[in-house]
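Hi everyone, thanks for making time. I'd like to walk you through a structure that's probably new to most of you, so let's get it up on the screen.

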Amino acid sequence: MSVRLAVPFLLALAATAPLTAPLSATAQTPPPAAPAKAVAAAAPTDAARMARLTAPLPADQAAMKAHVMFLASDAMRGRDAGSGEYDIAAQYVAAQFYAAGLRPMGDAGGYLQKVPLTAYKIAGEGTFRWTGANAAARALVFGSDYVPAANPAAKATNVSAPIVYLGYGLSAPAYGIDDYAGVDVRGKIVAYVGGVPAGLPSEIAATLGGAPARLAAAAAHGAVGAVAIADLRRAGRGAPGFDTVKKGYDSERVTWALPDGTGSTATPAVPLLGTLSPAGAAKLFGRDWAAMARAARRKVLRARPVTAAGTLTVESATSFRALPSSNVLGMIPGSDPAVGRETVALSAHLDHVGVGKAVDGDTIYNGALDDAIGIASLIEAAKRFKQAAAPKRSVLFLAVTAEEKGLVGSDYFVNHPTVPIADIVADVNLDMPILTYRFEDMVAFGGDRSTLGPIIARAVAGIGVGLSPDPMPEEAIFVRSDHFRFVQKGVPSVFLWPGQKGPGKAAVAAFMDRCYHKPCDDLSQPILWDQGVRFVDANYRIAREIADAPDRPRWNKGDYFGLLFKGPMAAQ
Ligand SMILES: [Zn+2]
């Protein structure tokens with residue numbers, strides 16, 4: 001599961017908050033020589049811990065636990081995408097796929113698909129230069145008036161154009177939002193404030209909240225760049241304060257590399273150029289600024305477009321560092337001559353966040369629940385498919401890299417699919433099931449957006465539980481894991497979690513508070529392996545039913561995401 005707010009498309013392009021800075025920054029620095037856990041190995045409590053770790057279990061539970069023992073061990077050092085330990089973990093999964101009898105679906109007849117990750121960051125302070133009346137008095141100063149943004153699409157950025165302020169700078173007609181109505185921004189730089197209008201559903205708000213939605217709207221309207229204006233709206237989701245942006249503006253971000261070594265982005269022609277403080281924006285907009293700022297600070301933003309009387313020239317440099325990694329792919333071919341080419345994908349992410357800041361003397365972020373247990377579930381689901389009669393449709397098992405860096409491995413896969421993307425009928429994603437309690441219900445994020453809904457309901461009934469509505473809509477979970485990359489290609493997708501009935505609520509809250517993206521997400525947690533087997537069972541049943549159904553899933557009529565990202569099974 002990626003960090004709240006670090007929704008990949010927010011992250012990959014955003015020069016906003018240093019969303020993953022604490023972890024990714026520390027992960028880049030050389031790790032301390034001796035992991036603290038090794039030092040603690042002689043402590044008397046370790047005998048009890050080891051006894052629990054090695055206590056016998058029924059074979060199906062032991063098999064699942066064994067994967068997590070390996071993948072979440074300290075020796076894997078948190079499986080940071082791009083690390084040698086991640087590569088070892090990938091070999092482990094390839095070996096398990098082989099043992100399960102899966103057909104290799106990676107490069108050159110193997111299980112691995114090379115993913116050319118690239119880490120990029122701004123080099124230097126850049127320049128923001130104003131040409132117009134009183135240009136000398138209105139010279140923009142790095143750090144107080146502006147901070148530049150890294151541009152994943154180019155080593156050198158040089159944009160010179162008039163600048164137009166558009167309020168939120170959003171275009172989402174389905175929700176009555178169109179800041180571009182009646183404005184011609186062709187060849188211009190767009191300036192916007194962060195945040196979103198109040199009252200939007202959380203998944204929509206999360207989709208629109210960051211820079212990428214602004215850049216997409218700007219690109220669709222022919223703009224040549226964009227700048228954010230900070231501190232006018234209440235700082236928060238999608239509207240980081242200027243000081244926050246300044247702290248993280250030069251942190252490293254990750255995407256996948258194009259053949260020329262620059263990074264992939266959805267909007268290469270419209271770079272986010274940087275962020276302005278109100279003082280910086282005042283220099284650009286001159287006499288108009290006072291009224292603009294007053295209107296922008298109101299509770300409900302009703303912005304009048306304003307074009308500054310001059311030209312803004314932005315120059316900056318972005319540096320790139322190759323960070324090669326891989327996805328792991330295997331398949332059970334479909335048996336039906338008519339629909340056997342169609343493919344159900346099961347995905348889970350193999351990476352975690354690596355080695356980082358010490359917490360209670362521990363620097364290794366093991367990622368047992370996030371998401372070694374999802375990978376273990378994927379492998380065990382593959383074995384179940386292999387043991388049963390061949391499914392009608394093919395089933396693809398996909399372990400992806402760099403989820404934690406912004407769903408990058410899954411983005412690479414959907415853009416370089418080893419089966420035609422139009423043949424992928426659904427993605428069932430397995431990420432961070434919290435299996436520390438006996439679950440009494442399940443939650444299917446995104447399930448009610450497509451015809452997958454009834455399939456999922458039947459499947460979970462098969463393991464004796466019901467479906468509950470999303471208990472934490474404010475977290476916008478549906479847009480925060482790898483299935484969302486499939487959604488962006490128009491593929492109906494779902495992502496299942498054990499629910500929060502009974503002991504669930506307290507257990508989920510405890511994990512999110514204490515161990516989510518912390519070193520204690522390891523095998524010292526009270527993981528119930530019988531619940532792991534139930535989780536595998538539920539996902540197996542869902543994938544099985546999709547694979548054998550007469551029709552492939554389709555988006556529900558009018559669904560927002562189904563319309564936004566049209567695919568072969570697009571919403572009408
Ligand atoms: Zn995570």
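Before I point at anything, one bit of vocabulary: when I say helix or strand, I mean a DSSP run, at least four residues of H or I for a helix and at least two of E for a strand, numbered from the N terminus. Also, keep in mind that this is a predicted model.

With that in hand, let's start at a loop. Look between strand β19, residues 441-445, and helix α14, residues 452-462: that's where D448 sits. Is D448 buried or exposed? Exposed counts as over 50% relative accessible area, and D448 has 64%, so exposed it is. Now find D559. In sequence it's 111 residues away from D448, yet their C-alpha atoms are separated by 9.5 Å.

Okay, zooming out. How many helices and strands does the protein have? There are 18 helices and 21 strands. The radius of gyration comes out at 24 Å, and the globule rule gives 25 Å for 572 residues, so this protein is as compact as a globular protein of that length. If you put a box around the C-alpha atoms along the principal axes, you get roughly 80 × 60 × 50 Å.

What about the inside? Of the 572 residues, 59% are buried. And if you take the contacts with a separation of 6 or more, 83% of them are between residues 24 or more positions apart. On the outside, about 21,300 Å² is exposed, with carbon and sulfur atoms supplying 58% of that. As for charges, we've got 56 positive and 50 negative, and their mean positions are 6 Å apart.

Two helices to finish. Helix α6 covers residues 84-99, and its 16 residues should span 22 Å at 1.5 Å a residue; the end C-alpha atoms are 23 Å apart, which agrees. Its buried residues include Y86, A89, A90, V93 and F97. Here's a handy reminder: an α-helix has 3.6 residues a turn, so residues three or four places apart point the same way. So what covers the buried residues of α6? Among the elements doing that are helices α5 and α12, plus strands β2, β13 and β17. Just past the end of α6, look for G101, which has a positive phi of about 85°.

The other one is α17, residues 529-548. It has 20 residues and reaches 28 Å from first C-alpha to last, close to the 28 Å expected. α17 is mostly covered, too, with 15 of its 20 residues buried.

That's my tour, thanks for listening!

Key: Residues are numbered from 1 along each chain as its sequence is written. This is a predicted model: local features need pLDDT of at least 70, side-chain atom pairs count only at pLDDT 80 or more; totals for chains, interfaces and linings use all residues. Side-chain values use heavy atoms; hydrogens and water are left out. The radius of gyration is taken over C-alpha atoms; the globule rule is 2.2 Å times the number of residues to the power 0.38. Buried means under 20% relative accessible area, exposed over 50%, partly exposed in between (1.4 Å probe, protein chains only). Contact means heavy atoms within 4.5 Å. Accessible areas come from the Shrake-Rupley method with a 1.4 Å probe; for residues, only the protein chains shown count as cover. Lys and Arg count as positive and Asp and Glu as negative; His and the chain ends are not counted. The place of a charge is taken as NZ of Lys, CZ of Arg, CG of Asp or CD of Glu. The expected span of a helix is 1.5 Å times one less than its number of residues.
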